[in-house]
Amino acid sequence: MIAEVRRRIDAEGITYIYYQFPSVTGRIMGKGVPAAHWESMARKGFQLVYGATANLFTDRHGDYIGYGPEAAELVGLPEPETFMPLPWDGKVARVWCACFRNREEREDPAAFLTSDCRGNLKRIQAQFEASTGLHLRAGAEPEMMWLKLKEDGTPDVDGVTKPYCYHIDQFSELQPIIHKVIEYGQAMGLDMIQGDHEDAPGQIELNFNFDRAERTADNLSTFRQICRQVGRELGAFPCFMPKPFMGVSANGCHHNISLWRGDENAFMPETADQQKPSQIGLWAIGGILEHLGALTAVTASTVNSYRRLWDTGFWAPVFADWGFQNRTTALRVSAPGRFEYRSVDSAVNPYLSMAALIMAMWDGIERKLDPGEPEERNIYAAMEAGKQVQKIPMTFGDALDALEADEVIKRALPGDMYRVFMHYKRDEWERYCATVTDWDVKEYLDVLP
């Protein structure tokens, strides 16, 4: 493969390569190196501080998150099969990298770096498959809001289009952006499929086909990079913030999930009832419902995520139940052979969400957890009729508490991964709690006498 990449570099005139990996928040990190050094990089890799896996951010006390400046440097080794020229710059390519501990570390030298969330997902998927014969395939529904730019080039909180859901005219207004995203996506191996205008200003959803979980996570990350590039070219800003506007729908990123044994979908119905998943599928749903509180910390992973849950009337999934085509529950069987995990938004790190979902379903299958009967009613009507239904955590702090108490989901963040994630996200929550907002000033400035 190393020689094959060299042939492509020479044949396609590549002069520069981005060696990249995702951080704990899903931000794409790495280094750029002239293509002349490909063979050396493929053998030896590059070095970068461990703290790059936490965006090299400091917490509110001034301490580096995850790793201090005294920590060693990771080694990033490229995976040649992921080499891909960038369609918007014919001289540049990117390659995904696996992260390892430094070769000279006294403890576990050259071992996998456990704060590498991409490598973590690949290992968890492999362990799940080796143990059960099953693997997770997933599709993502990435919603984003295309915002106008101010005169200084910074994004405005003003959508390019009006909030008319499924309106073809509004969709057409964004067609130049859509054309570019699809063109670049197809060039980078994404099987682009359907799309539509959603019901927030400038909000569209452009989908690509499902795949094994680890590939879908890479594809979603690539898709986001493509959108950012298209925004630069066409003078708009692709906003993946979950809730930039109140009073309209937020940016979700529903995960459509199925479990496969080889090329056989193990989630498919086993009876004449096409609305009822297989027994393995039911146990998998039971596992997700069992661990939904902790999962929420991983799949709704920002303070802003919870604005989505509190802004009522926009189908945000706040109740821990499931049903067939029922959008008022956190899980819905969207078609025979798959179900939709809805408590996830556009800021999600897909490498962490997929790993956590595997662990939840694995636990459900091992313990044969019964999810109960599917709820066919609107969940609010069901509750008015007396049904007792738990809510998912409604603040980020509560979700982090649920994660701390859930040993199964914590296993989806092994080694340093959990420590780095919790340090980063606890600090995010505490910084919010320690901030005086515009709402505080408006509500309390003249509170007395």
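**Exercise 1. How many disulfides does the count come to?**

Solution. The structure is a predicted model.

Step 1. Recall the bond: a disulfide is a covalent bond between the sulfur atoms of two cysteines.

Step 2. Set the cut-off. The two sulfur atoms must be within 2.5 Å.

Step 3. Test Cys97. Its closest cysteine sulfur is in Cys99, 7.1 Å away, which is too far for a bond.

Step 4. Test Cys253. Here the closest cysteine sulfur belongs to Cys227, at 11 Å, again too far for a bond.

Step 5. State the result. The count comes to zero disulfides.

**Exercise 2. Are Cys97 and Cys253 buried or exposed?**

Solution. Step 1. Use the cut-off: buried means under 20% relative accessible area.

Step 2. Read off Cys97. Its relative accessible area is 0%, so Cys97 is buried.

Step 3. Read off Cys253. Its value is 1%, so Cys253 is buried.

**Exercise 3. How many salt bridges does a search of the whole structure find? Work through the pair Arg118 and Asp218.**

Solution. Step 1. Start with the principle: side chains of opposite charge can pair when their charged atoms come close.

Step 2. Give the total. The search of the whole structure finds 26 salt bridges.

Step 3. Check the pair. The closest N and O atoms of Arg118 and Asp218 are 2.9 Å apart. The cut-off is 4 Å, so the pair forms a salt bridge.

Step 4. Place the partners. Arg118 lies in helix H3 (residues 117–132), and Asp218 lies in helix H6 (residues 213–234), so the pair ties together parts that are 100 residues apart in sequence.

Step 5. Add the surroundings. Arg118 and Asp218 are both buried.

Step 6. Look for further links. Arg118 and Asp218 belong to a network of salt bridges with Glu79 and Lys122.

**Exercise 4. Which residue forms a salt bridge with Arg342, and is that partner buried or exposed?**

Solution. Step 1. Find the partner. Arg342 pairs with Glu340, and their closest N and O atoms are 2.8 Å apart.

Step 2. Check burial. Glu340 is buried, and Arg342 is buried too.

**Exercise 5. Which helices hold Arg426 and Asp401, and how buried or exposed is each residue?**

Solution. Step 1. Confirm the contact. The side chains of Arg426 and Asp401 meet in a salt bridge, at 2.5 Å from N to O.

Step 2. Name the helices. Arg426 is in helix H14 (residues 416–433) and Asp401 is in helix H12 (residues 396–404), so this pair ties together parts 25 residues apart in sequence.

Step 3. Classify Arg426. Its relative accessibility is 18%, so Arg426 counts as buried.

Step 4. Classify Asp401. Its relative accessibility is 40%, so Asp401 counts as partly exposed.

Definitions and conventions
Residues are numbered from 1 along each chain as its sequence is written. This is a predicted model: local features need pLDDT of at least 70, side-chain atom pairs count only at pLDDT 80 or more; totals for chains, interfaces and linings use all residues. Side-chain values use heavy atoms; hydrogens and water are left out. Buried means under 20% relative accessible area, exposed over 50%, partly exposed in between (1.4 Å probe, protein chains only). Helices (H or I, at least four residues) and strands (E, at least two) are DSSP runs, numbered from the N terminus.
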